[in-house]
Amino acid sequence: MASTYRSDTHSKPNKKQSIDTLIHARWIIPVIPEKRVYENCSLAIDDGTITAILPSSEARNRFAARQEHQLDNQLLIPGLINTHNHSAMSLLRGFADDHPLMTWLEKYIWPAEKQWLSPGFVTDGTRLAMAEMLRSGTTTFSDQYFFPEATAAAARDAGMRAQIAFPIVDFPNPWSRSGFEAIEKGLALRDDYRSHPRISFAFAPHAPYTVGDETVKKIAIYAEELQIPVQMHLHETAGEVEKALEETGERPIQRLHRLGLLSPQMLCVHMTAADDSDITLLQTTGAHVAHCPRSNLKLASGFSPVAKLLDAGINVAIGTDGAASNNGLDMFLETNTAALLAKATSGQADALPAHQALAMATINGARALGIDEVTGSIEIGKAADLCAVDLSALEQQPMHDPLSQLMYTTNGHHVRNVWVAGRQLLKDRELTTLNEKELKQRAGSWRDRIAGRTNWTVEN
């Protein structure tokens, strides 16, 4: 594909313009415009914002940068956007594997959370998750978990972009005594971060079976009045839908629509059990879908009809879910799985092609979180949220198509550099704001506590 470029001015200044950063890349895939690959081009970044995209030879003549990066054999893309995560659950990775969803929740996860959840648990788990996400190219994540104030502070300090989806359930839990109290606490937390450029908030009613009608109505009213996004686990399994039909005669999504919750601000997480009537509701209300294929596969929850959703014009984004049900937060693996599943379940090899899969992991995610004017693509005026992927490995050769190699041969280990708002958070595989050694030590300490042991070792 031919190399093209854009910049914020057509003039050629007599002397070099001073800026913060120049990044010279072998390839750049901006996502917008789609199906475009720029070769031997550069990004000019100033004050955390992309100010120009132009050939590297011209960039060197035009700009004087305080920092300059030469990314030979690296592909620069927008930072990946993980639209659904329970970051602190990284500390429960491998704790309760190989169980179906409700058994996993009721017999293992909820009892463990009741015993161990605390602000310290959430802080340590979130830091561990952010390190993993940064090392695999994610720059933005939406998080739904207890003690959201700890998650917000961890993201703020690490330099990541985050949507804090504060949890709402209609029963006492370690963070709130009721759904109404959770709403009040979440809104107060949002006020604390009102002017923060990287931290935003969303209502997160957990699921239709844990939140009653009055709570849903209140969330719908606040969401509309305050223009706050909403995300909710919805139609995660066929059993969830069948039980709702037996008890109420309504599918869960129909109930939410009746109560006024479905709208362009709504992100429906999972949607594996979606029939044509559900798809029509999503289409007519403008709601989004967060697809979490690897977690759904591991819990045997079902297959989201992604090809049909996309054909209906519904915005579908990618989420990993938590590491307790996925075991990893690598958005490249997640997106690759999504692409392959869409082909297999639809019976169409051309379903979800590489460029569309990348869009789901970037700009679609930004749209789902309501931040697409800020991030999700490499465009002038947007934040410099960037991921540089090394495409020089043996298993990635020969290089016929960088986009194809990105989606079908790349995983998080190929990520070399990451920036959020122009700040480099991963430099040649090294974290700059998080201490890897300390994270491993803290994770091991929690493992020992949860296992009820001291001097815990892995047995052969």
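These legends walk through several close-up views of a predicted model.

**View 1. Strand S14 sits between two antiparallel partners, S5 and S15.** Let's start with S14, which spans residues 386-390 and has five of its five residues buried. Leu386, Ala388 and Asp390 are buried on one side of the strand, and Cys387 and Val389 are buried on the other. Strand S5 (residues 63-78) is joined to S14 by five bridges, and S14 is joined to S15 (residues 415-420) by four. Leucine 386 is a handy landmark here: proline 78 stands opposite it, and tryptophan 419 is its bridge partner in S15.

**View 2. Helix H7 has a buried side and an exposed face.** In this helix (residues 238-248), look for Glu240, Val241 and Ala244, which are buried. They lie on the same side of H7, because the arc they cover around the axis is only 95°. Turned away from that side is a face with the exposed residues Lys243 and Glu246. The packing partners of the buried residues are strand S10 (230-234) and helix H8 (252-258). Just after the helix comes glycine 249, with a positive phi of about 80°.

**View 3. Helix H3 packs against helix H4.** The axes of H3 (residues 119-135) and H4 (residues 148-158) are 8 Å apart and make an angle of about 40°. H3 is therefore oblique to H4, and the crossing is right-handed. On the H3 side, the contact is made by Pro119, Val122, Thr123, Thr126, Arg127 and Met130. Facing them in H4 are Ala150, Thr151, Ala154, Ala155 and Ala158.

**View 4. Helix H3 also packs against helix H17.** Here the axes of H3 and H17 (residues 436-451) are 10 Å apart, at an angle of about 135°. This pair is oblique too, because an angle counts as roughly antiparallel only over 145 degrees. H3 passes H17 in a left-handed crossing. The H3 residues in this contact include Phe121, Asp124, Leu128 and Arg135, while those in H17 include Leu439, Arg442, Trp446 and Ile450. Arg127 of H3 is worth finding in both views, since it takes part in the contact with H4 and in the contact with H17.

**View 5. Valine 306 is a buried residue of helix H11.** The helix runs over residues 306-311, and valine 306 counts as buried because its relative accessibility is 2%, against a limit of 20%. Beyond its neighbours within four places in sequence, valine 306 is in contact with His291, Val316, Leu352 and Met360. For a sense of scale, its C-alpha atom is separated by 35 Å from that of alanine 443, 137 residues apart along the chain.

**View 6. Two cis peptide bonds precede prolines in loops.** Most peptide bonds are trans. The bond from isoleucine 32 to proline 33 is cis, with omega near 0°, and proline 33 lies in the loop between strands S2 (17-28) and S3 (38-46). The bond from glutamine 397 to proline 398 is also cis, with omega near -5°. Proline 398 belongs to the loop between S14 and helix H16 (402-408).

**View 7. Histidine 270 and alanine 421 have positive phi values.** Most residues other than glycine have a negative phi. Histidine 270 has a phi of about 95°; this residue lies in strand S11 (residues 266-270) and is buried, at 0% relative accessible area. Alanine 421 has a phi of about 50° and sits in the loop between S15 and strand S16 (423-427). With 30% relative accessibility, alanine 421 is partly exposed.

Key. Residues numbered from 1 in each chain as written. Predicted model: local features only at pLDDT ≥ 70, side-chain atom pairs only at ≥ 80, totals over all residues. Heavy atoms only, no water. Buried < 20%, exposed > 50% of the residue type's maximum accessible area, 1.4 Å probe, protein only. Pairing = 2+ DSSP bridges. Arc of directions from axis to C-beta. Contact = heavy atoms within 4.5 Å. Axes fitted to C-alpha atoms, helices over the stretch in contact; angles between N-to-C directions. Parallel < 35°, antiparallel > 145°, perpendicular 65-115°, else oblique. Left-handed = near helix turned anticlockwise from the far one by under 90°.
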